[in-house]
Amino acid sequence: MNQELEIIKQNVIKCTKCDLCKTRTNAVPGKGNSQSDVIFVGEAPGRNEDKNGEPFIGVAGKKLSIALDEAGISRDAVYITNIVKCRPPNNRVPKASERDTCQEYLKQEISIIKPKIICILGNTAFNSILGGSEIMKFRGKIIRKDNQLYFLTIHPAATIYNQKLIDILKIDIIKLFDLIRELKNNREVLVDIEYTS
Ligand code: URA
Ligand code: SF4
């Protein structure tokens with residue numbers, strides 16, 4: 001692993017900056033390729049992730065893997081992380097204070113990896129990173145803010161009991177990697193929404 005990412009990982013593992021540290025089994029640092037063109041950002045670890053200390057390894061993670069497979073992308077090629085690195089009790093949505101406290105780690109991950117695009121998975125990540133809501137309305141769209149591109153899609157957990165949504169996730173992930181190919185070829189991509197800050 002990249003040395004700077006390794007330092008973040010060690011800091012996350014021993015972090016006690018918010019109350020989620022009291023109920024976690026393991027903190028769950030981001031994982032993947034430090035050279036990735038994209039960082040996927042979910043909400044928070046679930047039960048399996050908390051048990052094993054790795055992001056997206058449970059049922060939702062399987063759905064993400066299926067969508068990546070469909071786009072011909074191996075999980076090892078990308079970097080996957082969450083808004084908060086510790087599991088909230090009973091998988092409740094992380095509180096604003098917890099998200100704020102944890103965001104420094106995500107900022108560091110982004111500044112080290114310098115992804116061409118950040119893929120936001122679901123409403124919690126959308127809200128935490130861009131202040132947005134209503135992911136179903138914005139999914140598939142490209143946003144630019146402070147010179148960073150973002151791609152919006154649904155959370156893989158939403159697809160667990162819904163075949164229509166797994167198809168949507170697959171379509172979005174294919175679009176995302178088409179987009180990444182364009183960016184790698186230094187071609188202009190059409191930005192749907194420009195955020196001004
Ligand atoms: N859901 C998430 O948002 N993140 C994980 O790591 C697992 C499930
Ligand atoms: Fe630290 Fe984030 Fe875990 Fe809170 S959720 S204890 S800020 S790593």
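1. Asn90 is exposed, with a relative accessible area of 74%, and this residue of the predicted model sits in the loop that runs between strand S3 and helix H5, the helix of residues 96-113. Although Asn90 is not a glycine, its phi is positive, at about 55°, and a colleague looking at the backbone here may wish to inspect that residue in the structure above.

2. Asn91 also has its place in the loop between S3 and H5, and it too has a positive phi, near 60°, in a residue other than glycine. The relative accessible area of Asn91 is 42%, which makes this residue partly exposed. Partly exposed here covers the range between under 20%, which is buried, and over 50%, which is exposed, so the 74% of Asn90 falls in the exposed class and the 42% of Asn91 in the class between.

3. Within helix H5 itself lies Thr101, which counts as partly exposed at a relative accessibility of 28%. Between the C-alpha atoms of Thr101 and Thr124 there is a separation of 15 Å, the two residues being 23 apart along the chain.

4. Taken as a whole, the protein has a secondary structure of 8 helices and 7 strands. Its radius of gyration is 16 Å, close to the 16 Å that the globule rule gives for 197 residues, and the protein is therefore as compact as a globular protein of that length. Along the principal axes, the C-alpha atoms fill a box of roughly 45 × 35 × 30 Å, and buried residues make up 49% of the 197 residues.

5. The 7 strands form an open sheet with mixed pairing, in the order S1-S3-S2-S4-S6-S5-S7. Strand S1 (31-32) and strand S7 (193-195) stand at the edges, and because each has a single partner strand, one side of each is left without a neighbour in the sheet. At the S1 edge, the partner is strand S3 (residues 79-82), to which S1 is joined by 2 bridges in the antiparallel sense, with Gly32 standing opposite Tyr79 of S3.

6. At the other edge, S7 runs parallel to S5, and 3 bridges join the two strands. Within this pairing, Lys145 has Tyr195 of S7 as its bridge partner.

7. Strand S6, which covers residues 148-153, is mostly covered, as 6 of its 6 residues are buried. In a regular strand the side chains alternate between the two faces of the sheet. In S6, Gln148, Tyr150 and Leu152 point one way, while Leu149, Phe151 and Thr153 point the other way, and all of them are buried.

8. S6 has a parallel pairing with strand S4 (residues 117-121), made over 5 bridges, and in this pairing Leu121 has Thr153 of S6 as its bridge partner. With strand S5 (residues 142-145), in contrast, S6 runs antiparallel, and 4 bridges join these two strands. The bridge partners include Arg144 with Leu149 of S6, and Ile143 stands opposite Tyr150 of S6.

9. The connection between S5 and S6 also deserves a look, since the two strands form a hairpin with 2 residues between them. In the turn of that hairpin, Asp146 has a positive phi of about 50°.

10. The residues around ligand 1 are Gly42, Glu43, Ala44, Glu49, Pro55, Phe56, Asn82 and His155. By class, the residues of this shell divide into 3 nonpolar, 3 polar and 2 charged.

11. Backbone atoms supply several short distances to the ligand. A backbone N or O atom of Glu43 lies 2.8 Å from an oxygen atom of ligand 1, and a backbone N or O atom of Phe56 lies 2.9 Å from an oxygen atom of the ligand. A polar backbone atom of Ala44, for its part, is 3.0 Å from a nitrogen atom of ligand 1. Of the 240 Å² of accessible area that ligand 1 has on its own, the protein covers 92%.

Key:
Residues numbered from 1 in each chain as written. Chains lettered and ligands numbered in written order. Predicted model: local features only at pLDDT ≥ 70, side-chain atom pairs only at ≥ 80, totals over all residues. Heavy atoms only, no water. Buried < 20%, exposed > 50% of the residue type's maximum accessible area, 1.4 Å probe, protein only. Pairing = 2+ DSSP bridges. Near = heavy atom within 4 Å. Polar contact = N/O pair within 3.5 Å; in protein donor to acceptor, adjacent residues only side chain to side chain. Areas by Shrake-Rupley, 256 points an atom, 1.4 Å probe, with all protein chains shown as cover. Nonpolar A, V, L, I, M, F, W, Y, C, P; charged D, E, K, R; others polar. Rg over C-alpha atoms; globule rule 2.2 N^0.38 Å.
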